[in-house]
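Here are a few short exercises to work through with the model open on your screen. Try each task before you read its solution.

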Amino acid sequence: MDEVELREFLRERYPRLVGAVALVTGDAASAEDAVQEAIVRAWERTERGEQIAALDRWVAAVALNLSRSRLRRLRVERLARPKLVGAPPVQPSGDRVDIARALADLPRRQREVAVLRYVLDLSTEEIAKQMRTSEGTVKSQLFKARAHLADALSLVEDPDEENSHAEHR
Amino acid sequence: MPSIDDQLRTRMRDAAPKPTGDGDMVEHLAARKRRRAGVRRAGTVGLVVVVLAGTTGAFVALGRAFRTEPIPGTSPTLSQPPPDLGLGFPICDVMSMPITVAGASGNAYVFTKATDGCPKPGEGHRFVGADLDGNGTVDATAPELTDCFSPVGCEAFAAPDVNGDGTSEIAVSTAGADGYGVWLYAVTTSPAAVEPIIVVDPQGIGNVQTGPLQFAWVDVVGHSGGARCNALPNGTTFTIFGVDKLDPNADARFTDLRIAGVTATVVGASHDRVPIADAPVPRNSLCGAPLYGSASNFPNAAPNPKTVDIGLDAPLCDASSLEADFDGDGKQDTAWVGTFPTNGTCVASDTSAAIAAVDLDGDGLADGSYETLPRCLLCRTYATTDLNADGASELVVLLQASATPEYAIYGASSVTGGDSPGMSPMLVATGNAENGFPDGSQLTFSAAGDEGYSSAVQCEGYPDAPVLVLWRSEHPVEGPGADVTDVHETKLQLVSGSFAVVDARHFTQPTSDPLPFDSLESSGCGVQWFPPE
């Protein structure tokens, strides 16, 4: 990965990856840190001559793995270091709060499926591959997540709309 | 009207938090990459965990009225910023620590330049400076700090006098995923200056990189790194160490530096294989100076360690104790955990022999003891519980006070016939090696976990027929196998002084699947295993 590729990746994919991981973990700062860490690890790998076929998916997978560990670590940090001087957190917008709450109510697995699909635009096959599960399971999880999110966010659909059920690609 | 899928796509993308980092991200990532490489050089890579010991006050024994007497850690000195410390520009997120400059008192500051508010830790322009005469104004600053990683950022770490010249050096840390990176700065008075200390290696003998002096401060599952001072007849040397803890031995590299002014000259280096229990680990002081900031909770070596004289060869340092009926005679007994002093004083010795001792007759003196607890890192008496339902309590010792606390079980035996009373570790019974518990080894186990692995402790049948249930899962964070998690569940029962595996199962599952245990909430058998309380 040369600097041009890295800059392009940061410009084109980085914001959405951070947003996706943040929606899963509920913590933007740690998501940013996890994605950066994943990118650095990818960078190191390419310098060692390894090939990463789909960098955005690789970074997403590693960042989500890292975030699982980070949740635990942050829990410990909160116990050990209750005060951290810094700027007050930015208050999220109303819709962001609604989305965050709706996602937070989902089991993590459904949350990941929904975010990988709707934010990162992964296909069912790609999600199944990333989560090491079957496409049928992904569809099932996506169906449940979609139903919950639609209900929680009061989404309505035009009855004439052809896409009256969850997308399955 | 768009479909629900399209609505979700739009709203979730709009609601997804945006990165807040500013500046050149490539440069930021490159710095992060350099730091990872630097930390690896110091011997810290692998399955790692930030050793963030809970505040020592947090380690309070559970149950009944038993409670340790925690030694207070060094509190972070976080202060509201004074106007500008004479710098001429607004500052924020100020940390200070006292320093000594040629015998006089001053202060070191780590601060951020405020620009339209205070940047988040790890962002913005952060500096280290020194007030040499204690008059409240900064007399000198070093070039801007780099590699200050979020979410903690760069902090004042310690102000030791590493070369015994009567003037403090200033250590600044950055907290990363697997510990701290520490830089050392020299303070000079004429002219006033704070400058990075530069490593030179004219003989090419060091296990350390030349350039700005930096070292890791970390103690993780497989590695540790730190630094210490050695007072020698011909002057003090500053030794950086990095240890790969490869069972059964540790691979330890040491580099001795002679520091004069802003130059650290490599004067010696060694590479040894030592038992893991004897390998150096960093504590919460650097050359006798307390650690500040988030690192102040780093385990062990409180500045004024408590000692108790319980009739052993020497008073016990850093002692903790719990009371319970350890021999089942209906009377309260006392158990201690602590370390022996080195050359008569309690020091943060890397080779301190930690011991567990017990007083069974109530005279305040130890009747039996067991020396050298394994992998002791802020060892403490943690809890008491009856794990074999025999009416006598076992002692739970916290071996590693960290993000992944590690425990061992000790039991007392009273005087029977010609036997002396003792305090013995509970071992693994023979025939359990296939489950990962070598015959006769001391049972140790952990809770929580970190990158790539998780663990939990549960209990069944307590209090009538307790069975300890140990969970562990592991998977590579990246690379081949990262999408599959190995899960191990082992059930152990304490019978006749040793734990026997009564049931075990191992299976794999997709890493994205929820684990069958909660590593963040471990409790059972009367003990809160995680989080430590």
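Two strands count as paired if DSSP finds at least two bridges between them. Keep in mind that this is a predicted model.

**Exercise 1. Work out which strands of chain B form the open six-stranded sheet, and which sit at its edges.**

Step 1: Follow the pairing across the sheet, and you get the order β28-β34-β33-β32-β31-β30 in chain B. The pairing is mixed.
Step 2: Look for strands that pair on one side only; in chain B these are β28 (427–428) and β30 (448–450), the edge strands.

**Exercise 2. Take β32 and β33 of chain B and describe how they pair.**

Step 1: Find β32 at residues 467–474 and β33 at residues 484–495 of chain B.
Step 2: Check the direction and the bridges: the pair is antiparallel, with seven bridges.
Step 3: Pin down one bridge, where B:Leu468 has B:Leu492 in β33(B) as its partner.

**Exercise 3. Dissect the hairpin of β15 and β16 in chain B.**

Step 1: Locate β15 (residues 249–260) and β16 (residues 263–275) of chain B, which run antiparallel and are joined by twelve bridges.
Step 2: Go to B:Ala260, whose bridge partner in β16(B) is B:Thr263.
Step 3: Inspect the turn: two residues lie between the strands, and B:Gly261 takes a positive phi near 65 degrees.

**Exercise 4. Zoom out and sum up chain B as a whole.**

Step 1: Tally the secondary structure, which gives two helices and 36 strands in chain B.
Step 2: Turn to burial: 53% of the 533 residues in chain B are buried.
Step 3: Take the chain B contacts with a separation of 6 or more; 56% of them are between residues 24 or more positions apart.

Key
Residues numbered from 1 in each chain as written. Chains lettered and ligands numbered in written order. Predicted model: local features only at pLDDT ≥ 70, side-chain atom pairs only at ≥ 80, totals over all residues. Helix = DSSP H or I, 4+ residues; strand = E, 2+ residues; numbered from the N terminus. Buried ≥ 20, exposed ≤ 12 C-beta atoms within 10 Å, placed from the backbone. Contact = placed C-beta atoms within 7 Å.
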